[in-house]
Amino acid sequence: MEYSLINKIRVVLILTFFLGSIVFYIVLDEFYVNQTYKNIKESIILSESIQKYVSEYQKPIIYKLIKDKKLSAEYFAPALMSSTFVIAHINEIFLKNALTNKLGIAKTKHKFASDNPLNKVNKTTKFESRILKKFNDSNLSSYSERMTYKGKDTLFFAVPSRKNTKNCLVCHGDPRDAPKDMLKIYGQESGFYEKVGDIRAINVVYSVVDANNDMISFYWILEAFMLSTFLIIYFIVNYFVKKLANKDRFILRQSKFAAMGEMIGMIAHQWRQPLTGMGMATDNLLLDIELEDVNEERLKKSLETINKQIAYLSHTIDDFKNFFKPNIKIESVEINKLIDESCMVIGSTLKINSIEIKRDYTPDLKVFTKKNDLMQVVLNLVKNSMDAYLENKIENRVVEIQTLNKQHVIEIIVKDYAGGIPIEIIEKIFNPYFSTKGEKNGTGLGLYMSKMIIENNLSGELNVNSSHDATTFTIILAKEKL
């Protein structure tokens with residue numbers, strides 16, 4: 001029982017640890033993914049804000065300077081007039097400063113991906129081109145995907161840049177209309193002949209999840225803490241299980257000694273009658289010898305009586321010896337025969353106390369079990385019924401024993417009509433040292449040990465029910481081999 005319980009606790013703790021580890025990893029991963037998405041969206045908002053600033057503030061000033069002929073119409077400087085150039089360089093400067101200051105900022109890559117970019121750095125990959133097409137073919141406002149990018153667990157996020165207007169075509173329409181300074185920088189190979197209403201680029205961010213390995217570090221720290229906690233719990237539980245097992249072994253020894261004491265009393269009852277018979281036979285023989293009236297037939301009859309009583313005594317010795325023999329073997333047991341043998345052990349005691357056993361057996365019931373353990377429980381239940389009749393001074397003393405064959409189990413029912421068990425104590429009767437008998441008549445260990453034997457040694461159940469003046473104990477045993 002002890003090792004079985006410890007093994008079960010060990011399995012439960014291991015399963016809980018591994019399931020907890022998996023759940024914790026999933027929750028932690030979800031948290032970091034959400035945090036990364038939040039950072040990406042903040043980055044996108046910042047990019048769009050810079051783009052809006054360049055478009056609404058910087059460019060109008062440049063165009064006014066050109067209109068006022070303070071700048072040449074062919075003038076173009078990416079650092080002032082290209083929002084993509086400004087965003088990319090601001091992001092690059094920010095990341096470098098973050099790295100210098102050891103801020104642990106997520107590793108991100110910004111890109112204004114276009115199928116037809118002025119700057120070849122912004123040329124779409126096949127994947128980005130497919131996403132750009134999605135934006136042009138539908139009303140998507142954003143697109144996100146988790147992927148492996150350059151060997152890292154990465155979140156991809158994209159939003160469309162605004163649709164082309166006539167103003168956009170000044171730089172991206174006919175190259176002859178574009179500023180010559182821009183053509184000198186980017187050439188005429190791409191970036192032109194765009195159409196009004198098209199989304200020419202997507203604002204893309206690639207962000208590595210757990211770029212600084214914070215999540216993994218935190219996960220393993222917590223795993224180590226959880227493992228330490230579970231080990232402490234296991235050793236504490238293991239300690240108390242062993243303490244309880246030692247207590248149960250002590251109680252078992254007590255109950256065995258108590259049972260042996262009761263059995264010695266029963267042996268005295270069993271032997272009193274045959275010993276009396278043997279004494280009378282020997283007295284008669286001695287008297288015949290003294291009177292010199294030895295009759296061969298009478299002598300033979302007296303010796304047969306003595307031999308018969310000696311055989312009976314020998315048989316009862318075997319019964320008691322087998323009852324107390326350690327029983328670790330599981331064997332096929334005939335239930336009805338086992339009950340009869342149990343009642344036979346205390347047959348004389350039952351007879352002297354006018355206890356009638358009424359049997360209602362289902363024939364041919366067999367079960368794989370530990371014979372002596374089951375006999376001890378049956379004997380204890382029958383003896384409890386006898387004690388209840390004597391305690392309550394009830395004259396009509398009947399103990400009903402029934403065996404039932406059910407689908408998956410066999411039931412042994414022991415019922416008496418000795419006054420029942422009060423409802424306020426019925427939950428306590430299986431507690432150790434609890435007894436309704438007087439101090440001289442009971443140890444309070446019988447039912448506790450009976451329940452332990454049935455549930456722990458025989459993998460069954462022992463239940464009690466009390467109604468009116470009747471008490472019913474039911475032993476339930478599985479048909480399958482233990």
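User: What makes strand S2 and strand S3 a pair, and in which sense do they run?
Analyst: In this predicted model, S2 (residues 143-149) and S3 (residues 152-160) are joined by seven bridges in the antiparallel sense. Pairing takes at least two bridges, so they qualify. Ser144, for one, stands opposite Phe157 in S3.

User: And what sits in the turn between S2 and S3?
Analyst: Two residues separate the strands of this hairpin, and Lys150 in the turn has a positive phi of about 55°.

User: Which other strand does S3 run antiparallel to?
Analyst: That's S4 (residues 202-208), again with seven bridges to S3. Here Phe157 is the residue opposite Val205.

User: Why is the Tyr143 and Phe156 pair called edge-to-face?
Analyst: Check the distance, then the angle. The ring centres are 6.2 Å apart, within the 6.5 Å limit, so the rings pair. Their planes stand at 65°, which is over 60, so the label is edge-to-face. Tyr143 comes from S2 and Phe156 from S3, so the contact ties together parts 13 residues apart in sequence.

User: How do you know whether Tyr143 and Phe156 are buried or exposed?
Analyst: The cut-off for buried is under 20% relative accessible area; Tyr143 has 19%, so it counts as buried. Phe156 is at 0%, so it is buried too.

User: What about the rings of Tyr234 and Phe235: what makes them edge-to-face?
Analyst: Their centres are 5.4 Å apart and their planes at 65°, so they pass both tests. On accessibility, Tyr234 at 14% counts as buried, whereas Phe235 at 52% is over the 50% mark and therefore exposed.

User: How many aromatic pairs turn up in the whole structure?
Analyst: The search finds 14. There is also an aromatic cluster formed by Phe24, Tyr25, Phe218, Tyr219 and Trp220.

User: Why does Thr36 count as buried?
Analyst: Its relative accessibility is 6%, and buried means under 20%, so Thr36 makes the cut. Thr36 lies in helix H1 (residues 2-67). Beyond its sequence neighbours up to four places away, Thr36 touches Leu155, Ser207, Val208 and Val209.

User: How do you know that Arg397 has no salt bridge?
Analyst: The nearest side chain of opposite charge, Glu395, is 7.6 Å away. A salt bridge needs the charged atoms within 4 Å, so Arg397 goes without one, though it is buried. Arg397 sits in the loop between H11 and S8. Leaving aside neighbours within four places in sequence, its contacts include Asn353, Glu356 and Tyr389.

User: Which residues have the most contacts inside the largest nonpolar core?
Analyst: Those are Ile335, Ile357, Leu374, Leu381, Val382 and Ile475, in a core of 41 residues. Among the elements that each supply at least two core residues are H9 (335-345), H11 (371-392) and S11 (470-478). H11 gives the largest share, nine residues.

User: What does Leu381 touch?
Analyst: Not counting residues up to four places away in sequence, Leu381 touches Val414, Leu447, Leu462, Phe473 and Ile475. A second, separate core has 14 residues, including Ile40, Ile44, Val159 and Val205.

User: And what makes S10 and S11 count as paired?
Analyst: Same yardstick: at least two bridges are needed, and S10 (residues 461-467) has seven to S11, so these antiparallel strands are paired. Ser466 stands opposite Thr471. The two strands form a hairpin with two residues between them, and His468 in the turn has a positive phi of about 55°.

Note on methods: Residues numbered from 1 in each chain as written. Predicted model: local features only at pLDDT ≥ 70, side-chain atom pairs only at ≥ 80, totals over all residues. Heavy atoms only, no water. Helix = DSSP H or I, 4+ residues; strand = E, 2+ residues; numbered from the N terminus. Buried < 20%, exposed > 50% of the residue type's maximum accessible area, 1.4 Å probe, protein only. Contact = heavy atoms within 4.5 Å. Core = buried A, V, L, I, M, F, W, Y, C linked by side-chain atoms within 4.5 Å. Lys, Arg positive; Asp, Glu negative; His and termini not counted. Phe/Tyr/Trp six-rings, centres within 6.5 Å; stacked < 30°, edge-to-face > 60°.
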